[in-house]
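User: Could you take a close look at one helix for me and walk me through what it packs against? I work at the bench, so plain language is welcome.

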Amino acid sequence: MVAADLCILDGTLDAFIAAFATLRPHCGSGSHTTPVMRTQPRPLLLVVDDEQPVLRVVERLAAKVGFDVVTCGSGSEAMRALLRKPADLAMLDLRMPDVNGLDLLRQIRSTVPSCEVILMTAHAAVDSAVEAIKRGAREYLTKPFDFDRLREVLVEIREELERRAQVVELESQVARQLEFCGMMGRSPVMQELFSLIQRLAPHAKVVLISGETGTGKELAARAFHQAGPRRTRPFVTINCSTVVDTLFETELFGHVRGAFTGAVESKQGLFEAAQGGTLFLDEIGELPLSVQAKLLRALEYGEVQRIGSLQLKKVDVAVIAATNRDVRAEVAAGRFRDDLFYRLNVVDVTLPPLRDRREDIPYLTAAFMRDCAGRMRKPLNGLTHAAERLLLNARWDGNVRELKNVIERACMLVEGTTVSERELAGVFGPDLPATPARGRSAEPAGRATEGAAPLDEIEREHILEVLRQVKGNRMKAAKVLGISRRALYRRLERHQLGGEAPRPSSVRKSS
Ligand SMILES: Nc1ncnc2c1ncn2[C@@H]1O[C@H](COP(=O)(O)OP(=O)(O)OP(=O)(O)O)[C@@H](O)[C@H]1O
Ligand SMILES: [Mg+2]
């Protein structure tokens, strides 16, 4: 994890991918994706000011720095423009005839949370600067502009937007590069699993795959098939939870004409259909006891018998069974034959739940986002930090399937290029840690001890005080505080003072 993050930081990700790719197991299909860097569209800046000369000046400078620019002379026009096309950055005049910049800031934060906001004012006032930052403004600039500072801020934000897009791009590439037969996962436990499947696939004829719902059991079964010698032969699936009890036997083993009422034709069973290939018995825990005995026989002797026939047929089929039940407990409860369990359990593979390999989340997310962007033809290029945090901390009871669905839904909903917490809202249960608010949250009751302020509180007040002194200039504030700018951003974020910072992935992952 750490090594890879450093690679991203050092700009040597390609080298990392290449090195890792030589070590990773290869799927039988030999599929291999080549990294492709997409060109990102220019970020969009919305400038809102009732003074035309200001609009012109900012427009010219921002265009030079690499932004597409939309200008608006009023707050209502700005909101209309924003709803038409969400901007990546908005620069708002604090005092306009129809609206106060702070109110506009609040509206923007709630409608387009991914949009960064800079407030501009000709009437610098410490109070409004602090208020702006509390409400989530990124910067507070005074007019007439210090052009060097204005350029510096715009370049910094543009670079951050590019970096955000690159992180998703690179992470999706890493995910794809480390993919094994359609399974993605960079965590050591998944890499180990891929290597295990690859080593077992050439030899294993009976496999039991367990794991919670959505962890990728079917994908793993297909990976066994793909990575083994049967890859050109059929892969036949039966989901035991969807078959009526009385039809199991005929489904698996087939029947001859006249074997029972309604058997007007002979029918081949799935074992025969999978000849030379793999039979995937999904949800094996649902198999009735009566059929379990017959299945055991087929596994032991490699023979099947159609219902109504005396003839035994040899079959050469690998059998992969999957379950999200605890089969041992089923055996103990008498619902699953112990002899069948031991026969199936020769090769036992367990898919870990997503909550135990959270380091995979950014990579899976990036890969799913890239897929959605392609399919939906949307120029999606990243997530806000708050959205990333939500994804990293969610419970994921439905595992990778749930993550995939959540991303897909968010990609459908998103209007701009960046998925924010807004598109994720409502999909998680109440147990999810709430997204840290941008503004100052209410203090938890009883937090302060009588007489003494908690250290955190003192730090927060001190940072606010310094920000007041330097009129919200974060670079200066960091200097005064004797810490790096990144450290300041981290503290602003911790204290819920709207500290969205340029953040390379190492910081994101290690935190
Ligand atoms: N490691 C992974 N990489 C990429 N996609 C994955 C991964 N694991 C699961 N998925 C995706 O998640 C979804 C669910 O996977 P799958 O059907 O294999 O899960 P399962 O364990 O069989 O679930 P269930 O027990 O509910 O049948 C699929 O869309 C699959 O492509
Ligand atoms: Mg399944």
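Analyst: Happy to help; what follows is a walk along helix α7 and its partners, with a short look at the sheet and the ligand afterwards.

Please keep in mind that this is a predicted model. Helix α7 covers residues 147–177, and two contacts of this helix are worth tracing, one with α3 and one with α15.

Let's begin with α3, which spans residues 52–65. The axes of α3 and α7 come within 10 Å, crossing at roughly 45°. An angle from 35 to 65 degrees falls between roughly parallel and roughly perpendicular, so α3 and α7 are oblique to each other. Their crossing is right-handed. On the α3 side, the residues involved are L61, A62 and V65, and they meet L150, R151, L154, V155 and R158 of α7. Sorted by class, the residues of this contact are six nonpolar and two charged, with no polar ones.

Now to the contact with α15, a helix made of residues 361–376. Here the axes of α7 and α15 come within 7 Å and cross at roughly 100°. That value lies in the 65 to 115 degree range, which means that α7 is roughly perpendicular to α15. From α7, the contact draws on V168, E171, S172, V174, A175 and R176. Their counterparts in α15 are P362, Y363, L364, A366, A367, M369 and R370. The residues of the α7 and α15 contact comprise nine nonpolar, one polar and three charged.

With the helix covered, here is the sheet. Five strands form an open sheet in the order β7-β10-β13-β6-β14, and the pairing is parallel. At the edges are β7 (235–239) and β14 (347–351), each of which pairs on one side only. On average, neighbouring strands in this sheet are turned by 20° against each other, ignoring direction. If you zoom in on β7, you will find five bridges joining this strand to β10 (residues 278–282), with the two running parallel. Within that pair, T237 stands opposite F280 of β10.

Finally, the ligand. Ligand 1 is surrounded by 15 residues, the closest being T213, G216, K217, E218 and V400. Two helices, α9 (217–227) and α17 (399–413), each contribute at least two residues to this shell. The shell around ligand 1 is made up of four nonpolar, seven polar and four charged residues.

Key:
Residues are numbered from 1 along each chain as its sequence is written. Chains are lettered from A and ligands numbered from 1 in the order in which they are written. This is a predicted model: local features need pLDDT of at least 70, side-chain atom pairs count only at pLDDT 80 or more; totals for chains, interfaces and linings use all residues. Axes are lines fitted to C-alpha atoms, for helices over the stretch in contact, and angles run from 0 to 180 degrees between N-to-C directions. Helices (H or I, at least four residues) and strands (E, at least two) are DSSP runs, numbered from the N terminus. Angles under 35 degrees count as roughly parallel, over 145 as roughly antiparallel, 65 to 115 as roughly perpendicular and the rest as oblique. A crossing is left-handed if the near helix is turned anticlockwise from the far one by less than a right angle, and right-handed if clockwise. Two residues are in contact if their C-beta atoms, placed from the backbone, lie within 7 Å. Ala, Val, Leu, Ile, Met, Phe, Trp, Tyr, Cys and Pro count as nonpolar, Asp, Glu, Lys and Arg as charged, and the others, Gly among them, as polar. Two strands pair if DSSP finds at least two bridges between them. A residue is near a molecule or strand if its C-beta atom, placed from the backbone, lies within 6 Å of it.
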